[in-house]
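User: Give me a close look at one part: the aromatic contacts. Keep it brisk, and set them in their surroundings.

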Amino acid sequence: MTFVRIIGLDNDFAARLEQLNDLRLKYQYSSHFILDARYDYTFSNQQYGTREDFSVFHASLETAGNLLAGIANMSKALVDENNVRQVLGVPFSQYVRVGAEFTRYHYFGLKSSFVGRVIVGAGIPYGNSVSMPYEKSFFGGGPTTMRAWQLRHLGPGSYRGGSGDAMADVERVGDLQLVMNLEGRFPIAGIFESAVFADMGNVWLFNPSDQYSNGHIKRNRLPP
């Protein structure tokens, strides 16, 4: 159960959100209540103390807002101008979120290794939610996904914002994530070690956005 209250927004930033008049962005940067249930599954066949190859798999399923939606229906909860119902004066989020991560470790030599990783995730808002909550959305960039980009500065989709773009100061998040990492780790000399890596991936929106042109996933480009 999570209550998220957005406080201390910079006045200029708040004014920019108001000027953009984007319901999705306003929702993500407003206070909301999350009552969620989450199931996690993790598998690993690592043999500790050895250099045997191994795999790690983690999957998660999270749903939120269904119980509150039932309570709101029975109690005839308040509805704001966007037809969003509230509990104790705060809108509640309703969504389903799934994610999976698979990592394979391959050892060779005495100190070298090769690591491959695939991450997929999807979040679908429905019912009382205009969009996925900001903190439950997916992001690209940063040390854990696409290392050539700053955190939350990649995507969504093929959107490319410049310094003069109205969205330049808004951190970018998406509803869908796909990331693939390849990394080779090897010693150089003494205590010094190094690595080479390649990262592929992005985040996308499920639906078109006026603010993020070409930020949505285009279904006609998906394989049959």
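The answer below starts with the fold, then takes the ring contacts in turn.

Analyst: This is a predicted model, in which local features need pLDDT of at least 70, side-chain atom pairs count only at pLDDT 80 or more, and totals for chains, interfaces and linings use all residues. Residues are numbered from 1 along each chain as its sequence is written, and side-chain values use heavy atoms, without hydrogens or water.

First, the framework. The chain has three helices and ten strands (DSSP runs numbered from the N terminus: H or I of at least four residues, E of at least two). Read from the N terminus, the order is β-α-α-β-β-β-α-β-β-β-β-β-β. Of the 224 residues in the chain, 39% are buried (under 20% relative accessible area; exposed is over 50%, partly exposed lies in between, with a 1.4 Å probe and protein chains only).

Now the rings. How many aromatic pairs does the structure hold? There are three. In one of them, the ring centres of Y41 and F57 are 6.4 Å apart and the planes meet at 55°, so the pair is tilted (centres of Phe, Tyr or six-membered Trp rings within 6.5 Å; under 30 degrees is stacked, over 60 edge-to-face, the rest tilted). This contact joins distant parts of the chain: Y41 sits in strand β3, residues 36–44, and F57 in strand β4, residues 54–64, with 16 residues separating them in sequence. Y41 has a relative accessible area of 39%, so it is partly exposed. F57 stands at 30% relative accessibility, so it too counts as partly exposed.

Next come F54 and Y107. Their ring centres lie 6.4 Å apart, and the planes are at 35°, so this pair is also tilted. F54 belongs to β4 and Y107 to β7, residues 95–108, so the contact ties together parts 53 residues apart in sequence. What of burial? F54 has 5% relative accessibility, so it counts as buried. Y107 has 22%, so it counts as partly exposed. Both residues also join Y105 in one aromatic cluster.

The strands behind these rings are paired too. β3 and β4 run antiparallel, with nine bridges between them (strands pair when DSSP finds at least two bridges). F57 has a part here as well: it is the bridge partner, in β4, of F43. On to the strands that carry F54 and Y107. β4 and β7 are joined by eleven bridges, again in the antiparallel sense. Within that pairing, L61 has V98 in β7 as its bridge partner.

Charged groups meet rings as well. The charged end of R147 sits over the ring of F197, at 3.9 Å from its centre (NZ of Lys or CZ of Arg within 6 Å of the ring centre and within 35 degrees of the ring normal). R152 does likewise with F139: the charged end sits over the ring, 4.8 Å from the centre.

R152 deserves a second look. It lies in the loop between β8 and β9. Its phi is near 60°, a positive value in a residue that is not glycine. Most residues other than glycine have a negative phi. Its relative accessible area is 22%, so R152 is partly exposed.

The strands on either side of that loop pair with each other. β8 and β9 are antiparallel and share ten bridges. One bridge partnership there links I119 to V179 in β9. β9 also pairs with strand β10, residues 192–204, antiparallel and over 13 bridges. An aromatic residue takes part: F192 in β10 is the bridge partner of A189. β9 and β10 make a hairpin with two residues between them. In its turn, G190 has a positive phi of about 60°.

One last item lies outside the ring contacts. V79 is found in the loop between α3, residues 66–75, and β5, residues 86–87. Where does N128 stand relative to V79? Their C-alpha atoms are separated by 9.9 Å, while the two residues are 49 apart along the chain. V79 has 45% relative accessibility, so it counts as partly exposed.

To recap the part you asked about: Y41 and F57 link β3 to β4, F54 and Y107 link β4 to β7, and R147 and R152 each place a charged end over a Phe ring.
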